[in-house]
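These are my notebook entries on one structure, set down in the order in which I looked things up. I begin with a surface feature and then turn to helix packing, charged pairs and two separations along the chain.

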Amino acid sequence: MFATAREVLSSTEEQLDEEAFATAVSLLENADTVWCLGMGTAEVEARHCSIALSRTGLRTRCSGASGFTLANELLDLRKDDAVILFNAVHETAEFSLVTSQMAELGCKLVLVCGVQLGELYRNKVDALLTCVGSPSKLASWSLGAIVIGDLLAYGVAVKNQPRAVATKRRLAGLRSKVLSPK
């Protein structure tokens, strides 16, 4: 299992386009709100990324909604927002809806996906970050997607260290109040 996980991470690292990564970090840094959307089983990766980015001082929203609930959430998208869309393999009605809304509103779109979906959308998104799963399914695409979310948060924190440090301090203060309420 560990060997397969290392293989997934190594393959994802090899696929990482440094220019696309730098573009993604810049888009997130300049967005009013960063939306982390997880299609299907990718909601966990989206939630992880949203939390990591909020800890750098960015305003984030996260959703794994589908159907009518997703349509309701998309009403809140604004032109100055950026979306990180996590989706491993399949095009779905929700995936098509999100990508078409980004184009219609002029929002920036970062796609974190598998290799096959990436090939289809390479020229339709602002930044494409691909993850590789294992053929045996012992270790999944999720490992790479979670690491990419962490890398994006790290990239944002490096670009604005004072904000990231201030946010970490504020988080530590809030946590201490939870642990010892007065």
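**Entry 1: a nonpolar patch**

I looked up L9 and found a relative accessibility of 35%, so I entered L9 as partly exposed, a class that lies between the 20% limit for buried and the 50% limit for exposed. I note at the outset that I am working with a predicted model. L9 is found in helix 1, which covers residues 2-15. I then asked which residues form the nonpolar patch on the surface with L9. They are L143, V147 and L151, and the four together have about 260 Å² of accessible area. Helix 7, residues 141-159, gives the most to this patch, with three residues.

**Entry 2: helix 4 against helix 5**

Two packed helices are described by the angle between their axes and the distance between the axes, so I looked up both quantities. For helix 4 (residues 67-74) and helix 5 (residues 93-105), the axes come within 11 Å and cross at roughly 15°. Because angles under 35 degrees count as roughly parallel, I recorded helix 4 as roughly parallel to helix 5. I also recorded the hand of the crossing of helix 4 and helix 5, which is right-handed.

**Entry 3: salt bridges**

How many salt bridges does the structure hold? I noted five, and I followed up some of them here.

The side chains of E29 and R163 meet in a salt bridge, with 3.0 Å from N to O. This pair links distant parts of the chain, since E29 is in helix 2 (residues 18-30) and R163 is in helix 8 (residues 161-179), 134 residues apart. I then checked the accessibility of each partner: E29, at 18% relative accessibility, counts as buried because it falls under the 20% limit, whereas R163, at 22%, counts as partly exposed.

I next looked up E43, which forms a salt bridge with R47, the closest N and O atoms being 3.1 Å apart. Both residues lie in helix 3 (residues 43-54), and they are four residues apart, about one turn of the helix. E43 counts as partly exposed at 30% relative accessibility, and R47 is partly exposed as well, with a relative accessible area of 39%.

I also entered the pair R122 and E119, whose side chains meet in a salt bridge at 2.9 Å, N to O. For R122 I found a relative accessible area of 39%, which makes R122 partly exposed.

**Entry 4: D81**

Is D81 buried or exposed? I found a relative accessible area of 3% for D81, so I entered D81 as buried. D81 has its place in the loop between helix 4 and strand 3, the strand being residues 82-87. I then looked up the separation of D81 from C107, which is 26 residues apart from D81 along the chain, and their C-alpha atoms are separated by 5.7 Å.

**Entry 5: R61**

My last look-up was R61, which lies in strand 2, residues 60-63. With a relative accessible area of 31%, R61 is partly exposed. I asked what distance separates the C-alpha atoms of R61 and L117. I noted 24 Å for these two, which are 56 residues apart along the chain.

Notes:
Residues numbered from 1 in each chain as written. Predicted model: local features only at pLDDT ≥ 70, side-chain atom pairs only at ≥ 80, totals over all residues. Heavy atoms only, no water. Patch = residues over 30% accessible without salt bridge, like charges linked within 9 Å, V, L, I, M, F, W, Y side chains within 5 Å. Areas by Shrake-Rupley, 256 points an atom, 1.4 Å probe, with all protein chains shown as cover. Helix = DSSP H or I, 4+ residues; strand = E, 2+ residues; numbered from the N terminus. Buried < 20%, exposed > 50% of the residue type's maximum accessible area, 1.4 Å probe, protein only. Axes fitted to C-alpha atoms, helices over the stretch in contact; angles between N-to-C directions. Parallel < 35°, antiparallel > 145°, perpendicular 65-115°, else oblique. Left-handed = near helix turned anticlockwise from the far one by under 90°.
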